[in-house]
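Hi everyone, thanks for coming. Please have a look at the structure on the screen, and then I'll walk you through some side-chain contacts and a helix pair.

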Amino acid sequence: MAKKSNNTRKKSQEDSIWILLENFFTNERTRFITGLIIFIITIYAGLALVSFFFAGAADQSKIENLPLGDLVANKGTVNNWTGVRGAYLANLLMNQWFGISSFMILFFFGSVGAKLMNFRRISLIKRFLFSASLLIWGSLFFAFVFIKGYEDSFIYLGGQHGYLLSEWLINNIGVPGNILLLTGTLLIIAILSSKHTIPFLQRTFRFKWLKKFIRKKETDEYYDLPDYKTSTNTSDNIYATVDDEDENKDEDDDEKEDAFEVTIAKGEEEYIPPTPDIKPQHEAGKEQTTFDIEIPVGDDEIFDGSNMEEYDPKLDLSNFRYPTIDLLKKYDNADHQIDMEEQTANQKRIKQTLENFGISIASIKATVGPTITLYEVVPDAGVRISKIRNLEDDIALSLSALGIRIIAPMPGKGTIGIEVPNKDPQIVSMQSIIASRKFQECKYDLPVALGKTITNEIFMFDLCKMPHLLVAGATGQGKSVGLNAIITSLLYKKHPSELKFVLVDPKMVEFSIYAEIERHYLAKLPDADKPIITDFTKVIQTLNSLCKEMDDRYDLLMKAHTRNIKEYNVKFISRHLNPNKGHKYMPYIVVIIDEFGDLIMTAGKEIELPIARIAQKARAVGIHMIIATQRPSTNIITGTIKANFPARVAFRVSSMIDSRTILDSPGANQLIGRGDLLFSQGNETIRVQCAFVDTPEVEKISEYIGEQAGYPTAFVLPEYLGESDGNSPGAVDLSDRDPLFDEAARLIVIQQQGSTSLIQRKFSIGYNRAGRLMDQLEAAGIVGPFEGSKARQVLLQDEYSLEQLLNQLKER
């Protein structure tokens, strides 16, 4: 017995030692210090190698003739900047090992140091393979090129490794074989290291003159061009034209072919009499060309294309692969057993608490969810529901629960619901949601899988039917994870040709992980540098550009005699709409704005007005909005916003007032956090545990998509030109100045503070009038333009200058 006890104690001591070691090496401070040490050693080795080029010849005799121990013991002097040990290390790496390419060893260890210090997110496995391959290739290359220069130099540019390997290869495959081997391995390394290598090689080695000749020959053989004569009879209005592109257009299409991996035949750059409009469309991997002949009659928008092959919007990226489920982390919840003792004890406590206050119940049953258990209570006849509702805090006290929620009565049931948090909550993984049969087989136009309900059912909705979504919740309650879950579920279901995102991220860190899918799923302004919008001025331009896109789409719907984007795309795919009349396939556009409150406080009406326009009208043309805020106050979520966002998602908020602002009812303040949310659409409110998708999972999905061939650029939104001329509706007329204009001008100049709120306070006027006064002051040249959250710059420094300006205005 004593022996068993000693063995157990010894085992527990060993386990504790391993735990201490694990904690030591996973500690952030330990990792940083380790990375710093590696970084310092790498810099020291780098200095030794650089110094070797200048001092290697002088140190060579000492380093090669004396052991390192004797050099150190005798305090041998060397010229290398890093001393004896540095000189010895440099000679070892340069001459005995890999030569100049030894710098790749330092490159790898420098990456390890940066990774441990969390300076950059680096895949060490990829970095190791890249460094090792270039290390070996570089050693062989320099040895081969400078194989005749070793006799007269103190340095082996390829090291002895490269020298011996190069000699062996030359003896076996000769000099031409060695050149081919070096070229081939370099191309393989480049292809495996960068996704841009293959398109670059295809553009570099394409023979455009030969391609044009073949295209022209195929077209001429297929159509007997002289048979098509130009008709001057206006009644005989059947015509078509061959697509002729200029040289620049042809080069642009060449780039598109690289990205899409599709061959598109074009006519030659010369005038051809009017002939049928040839729109050849190749399928990837096929040599035969299929020509779509369009014969539009008159000026009609709609023509009969029933004899043509249906348009395939996915053809440009026909080899696109949807993200795989194994990119998502799988949590082991399969063995989780329901704690029946906990459920029975809670039922007894609820019943006892109600009976203590004179409320008798007929029955009680429990439904166990991932994080919440719903207890449905059937009260005896004659019991007032309000009495049970008022006992919320007492029931929470008896159950020792974090917070409970009472639903009295439950919609569609003759029961009262009491929701109680589980002591051992489960993680609802995004992997389990995406892998579910319900998600895989759903036919929604824009399927959003949000998580699981308290009855363990997958909760999904179609964003097209919402049609816009308002998300609110305090900091750290799961709002950002919820937005990632929405984006992830759409990426797993929609092809890049069918869906585009406009991502607005004032915090600049939440959506940056989606930058890699720019050429697949993102939309941006023509002159935008970054795919993720972070600057509030760009946000205003983008929202106004979306309004223009919305208006353009409505024009196309009107011409096509369709009511919504779904009907329009069906007509376009079936070739009933003429592309020569401006018709095109329309992808859905989902606009996601994080930290909406920050934008409202910065830009106010400039942000709210285009959002209201989009929310009111854009549903039919496939533009949908999701806006999120952590401050669900009435000055952020205004009546205009709430009226046009019927679907709301509320994570935990701090007060009942915030809950009423977002949901028009209490309840969000009683949630337990960590992804616990209420989904409201109309009068129905559903409690859901949001699916958890971690940042590394999202990064893997973005990398998986980003590594595939994409479009040449992101989806380009229409260019928006602001109304800057004097005849625009928003122009300021200084002849009709506000009665308080002079006093406001003196106040601003005296205080040297161009603030609208200052005018409000001093003159006790509303925001709109104060804003108009500020616009007039700007037009008069007294204050500078709007600068976001900063006060405007005051352009006049003294009252004398101001009085002169005011007199000039009065004389006009």
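Let me start with a cut-off: a residue counts as buried when its relative accessible area is under 20%. Phe108 has a relative accessible area of 17%, so Phe108 is buried. Please keep in mind that this is a predicted model.

Phe108 also brings us to the aromatic rings. Searching the whole structure turns up 16 aromatic pairs. In one of them, the ring centres of Phe108 and Phe128 are 5.5 Å apart with the planes at 70°, so these two rings meet edge-to-face. Phe108 belongs to helix α5 (residues 103–116) and Phe128 to helix α6 (residues 124–145), so the pair ties together parts that are 20 residues apart in sequence. And the partner? Phe128 is partly exposed, at 45% relative accessibility.

Elsewhere, ring pairs join Phe320, Tyr322, Phe501 and Tyr521 into a cluster.

Now, where do charges sit over rings? Lys493 lies over the face of Phe439, 5.6 Å from the ring centre. Over the ring of Tyr554 you'll find the charged end of Lys617, at 5.4 Å from its centre.

Lys617 is a nice bridge to our helix pair, since helix α21 covers residues 605–617. Helix α20 (residues 596–603) packs against α21 at an angle of about 120°, and the axes are 6 Å apart. That angle makes α20 oblique to α21. Which residues meet there? From α20 we have Phe596, Leu599, Ile600 and Ala603, and from α21 Lys605, Glu606, Ile607, Glu608 and Ile611. By class, this contact has six nonpolar and three charged residues, with no polar ones.

How values were computed:
Residues numbered from 1 in each chain as written. Predicted model: local features only at pLDDT ≥ 70, side-chain atom pairs only at ≥ 80, totals over all residues. Heavy atoms only, no water. Axes fitted to C-alpha atoms, helices over the stretch in contact; angles between N-to-C directions. Helix = DSSP H or I, 4+ residues; strand = E, 2+ residues; numbered from the N terminus. Parallel < 35°, antiparallel > 145°, perpendicular 65-115°, else oblique. Contact = heavy atoms within 4.5 Å. Nonpolar A, V, L, I, M, F, W, Y, C, P; charged D, E, K, R; others polar. Phe/Tyr/Trp six-rings, centres within 6.5 Å; stacked < 30°, edge-to-face > 60°. Buried < 20%, exposed > 50% of the residue type's maximum accessible area, 1.4 Å probe, protein only. Lys NZ or Arg CZ within 6 Å of the ring centre and 35° of its normal.
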